Amino acid sequence: MQGQSFTRQELYDLVWSESVLSLSRKYNISDVGLRKICIKNNIPLPKAGHWPRVKFGKKSPRAPLPSDYVENSNITLVERDKRKDKESPDAFNLLKKEIEDNLNSKLIVPDRLINPDALVIAARDRLTGKSHHDSVALNITVARESIGRALRFFDTLIKALRARGHDVKEGKAAASAIIAGEDFNLKLSEQTRKEIVNGDQIVQRPTGILFLSSYRNWRDGKLPLEKQLSKIIAQFELTAKERNHERIEREKMWAKERAKEKRHKQFKLQREVQLIEFKRTIERSQRWHTAENLRRYIDAIEQRGVLLKNPIFQEITGWITWARGKADWYDPFIESDDKLFRKVNREVLLIDREGYWADNDEDNDESEGEELD
């Protein structure tokens, strides 16, 4: 089937026009695969909660499309062939046959409840008025005449699922089938039709047609629901398998993204640390060159025996000793101690403000007592 090409901008518009899951049903690609294409092309995707907000008319702005990306080629998506959208007929029929052979009589819905499951008992008591507990262990919405049939169907379905190694548990709103770790809500309803009575009053009349709702619907048709149990269970298992695969792929993708983000953070941290060290190295090298130049200058002064007028030094030898001491204090390889300069920052040659005010009387007394010449 011929594919449809999208530019990066067009794909960005597409994924912000409808959900990735919806698009994965339209095109021959999984939602995980479509997300990977968007990430590869630096196309931002709507965050969780975006589409529910849009649905209820709330504002949920688009994330802008980054412009600092060089687009190399168009992106091609192939429309999904709906006739091939399901698991191959052979795989489905083989699984359905396996379930029928495995469960055999457990797929037969009896004419009356026999040792009903606890969930079914709770639903029966609620539906028949024996219990006024608000719990909706099983979500059943049928007319009184269909209660018995609904309970028998649910009881058989629950027992068949458990015989296959699955489970059915009560949830907050309704019971769910737990198949291969995947959660499927279960709801059994009866179709109604509108009728007008007394000329203008509209009432809903039950039709006796039942349908089971989960991620899809199964309803009475050519075969009643009771005869569709092997098909229902097979479709649950195949869908759980597909969801498992997609979840694993999604987890792999997010794991790669987390690893990529971790590497990016480590790279940034390493760059920052090395930049700090590089600046420090440059500063120390400059200090070393300055200290070396200072020593050559001192040597030149000593050789000439000449010192510019300086009131704090009476002899050239005193100045030379003092200057060489300061050069050793400044030299990054030596950094000798100097009481007067202990609060001086060697990099900028300024007195630290905190250090300046922190000078105590004892330090001042010692400094005042030193002879400079």
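Where does Gln228 lie? I began my notes on this predicted model with that residue, and I found Gln228 in the loop between β9 and α8. I then looked up its accessibility, and Gln228 counts as buried because its relative accessibility is 6%, where the limit for buried is under 20%. Leaving aside residues up to four places away in sequence, I listed what Gln228 touches, and the list holds Trp218, Arg219, Asp220, Gly221 and Leu223.

**The sheet**

Since β9 borders that loop, I went on to the sheet to which β9 belongs, and I noted an open sheet of 4 strands in the order β3-β7-β8-β9, with mixed pairing. The edges are taken by β3 (139-141) and β9 (217-219), each of which has a single partner strand, so one side of each is left without a neighbour in the sheet. From one strand to the next, I read an average twist of 40 degrees.

I took the pairs of strands in turn. Strand β7, residues 187-197, and strand β8, residues 201-213, pair in the antiparallel sense over 10 bridges. I looked up two positions along this pair: Lys187 has Ser213 of β8 as its bridge partner, and Arg193 stands opposite Arg205 in β8. The two strands form a hairpin with 3 residues between them, and in the turn I noted Asn198, whose phi is positive at about 55 degrees. On the other side of β7, I found that β3 and β7 pair in the parallel sense over 3 bridges, and that Ile140 has Leu188 in β7 as its bridge partner.

**Helix α7 and its neighbours**

Which strands does helix α7 touch? Helix α7, residues 147-163, packs on the sheet and touches β3, β7 and β8, and its direction makes about 20 degrees with that of β8.

I then turned to helix α6, residues 118-127, and found that the axes of α6 and α7 come within 10 Å and cross at roughly 165 degrees. The two helices are therefore roughly antiparallel to each other, since the cut-off for that term is an angle over 145 degrees. I recorded the crossing of α6 and α7 as right-handed. On the α6 side the contact is made by Leu119, Val120, Ala123, Arg124 and Leu127, and on the α7 side by Ile147, Leu151, Phe154, Asp155, Ile158 and Arg162. Sorting these contact residues by type, I noted 8 nonpolar, no polar and 3 charged. In reading such lists I kept in mind that an α-helix has 3.6 residues a turn, so residues three or four places apart point the same way.

**Helix α3**

Next I looked up which residues of helix α3 (residues 31-40) are buried, and these are Asp31, Val32, Gly33, Leu34 and Cys38. The buried residues of α3 pack against α1 (8-15), α2 (20-26), β2 (75-78) and α8 (229-304). After α3 comes Asn42, for which I noted a positive phi, near 55 degrees.

**Ala180, Asn244 and Glu335**

I also looked for positive phi values elsewhere, and one of the entries is Ala180, which is not a glycine and yet has a positive phi of about 50 degrees. Ala180 lies in the loop between β5 (175-179) and β6 (182-185). Is Ala180 buried or partly exposed? Ala180 counts as partly exposed because its relative accessibility is 48%.

From Ala180 I was led to Asn244 in helix α8, because Asn244 touches Ala180 and Glu182, with residues up to four places away in sequence not counted. The C-alpha atoms of Asn244 and Gly181 are separated by 8.0 Å, although the two residues are 63 residues apart along the chain. At 17% relative accessibility, Asn244 counts as buried.

My last entry is Glu335, a residue other than glycine whose phi is positive, near 45 degrees. Glu335 lies in the loop between α9 (316-330) and β10 (344-345), and I noted Glu335 as partly exposed, with a relative accessible area of 32%.

Notes:
Residues are numbered from 1 along each chain as its sequence is written. This is a predicted model: local features need pLDDT of at least 70, side-chain atom pairs count only at pLDDT 80 or more; totals for chains, interfaces and linings use all residues. Side-chain values use heavy atoms; hydrogens and water are left out. Two strands pair if DSSP finds at least two bridges between them. Axes are lines fitted to C-alpha atoms, for helices over the stretch in contact, and angles run from 0 to 180 degrees between N-to-C directions. Contact means heavy atoms within 4.5 Å. Buried means under 20% relative accessible area, exposed over 50%, partly exposed in between (1.4 Å probe, protein chains only). Angles under 35 degrees count as roughly parallel, over 145 as roughly antiparallel, 65 to 115 as roughly perpendicular and the rest as oblique. A crossing is left-handed if the near helix is turned anticlockwise from the far one by less than a right angle, and right-handed if clockwise. Ala, Val, Leu, Ile, Met, Phe, Trp, Tyr, Cys and Pro count as nonpolar, Asp, Glu, Lys and Arg as charged, and the others, Gly among them, as polar.
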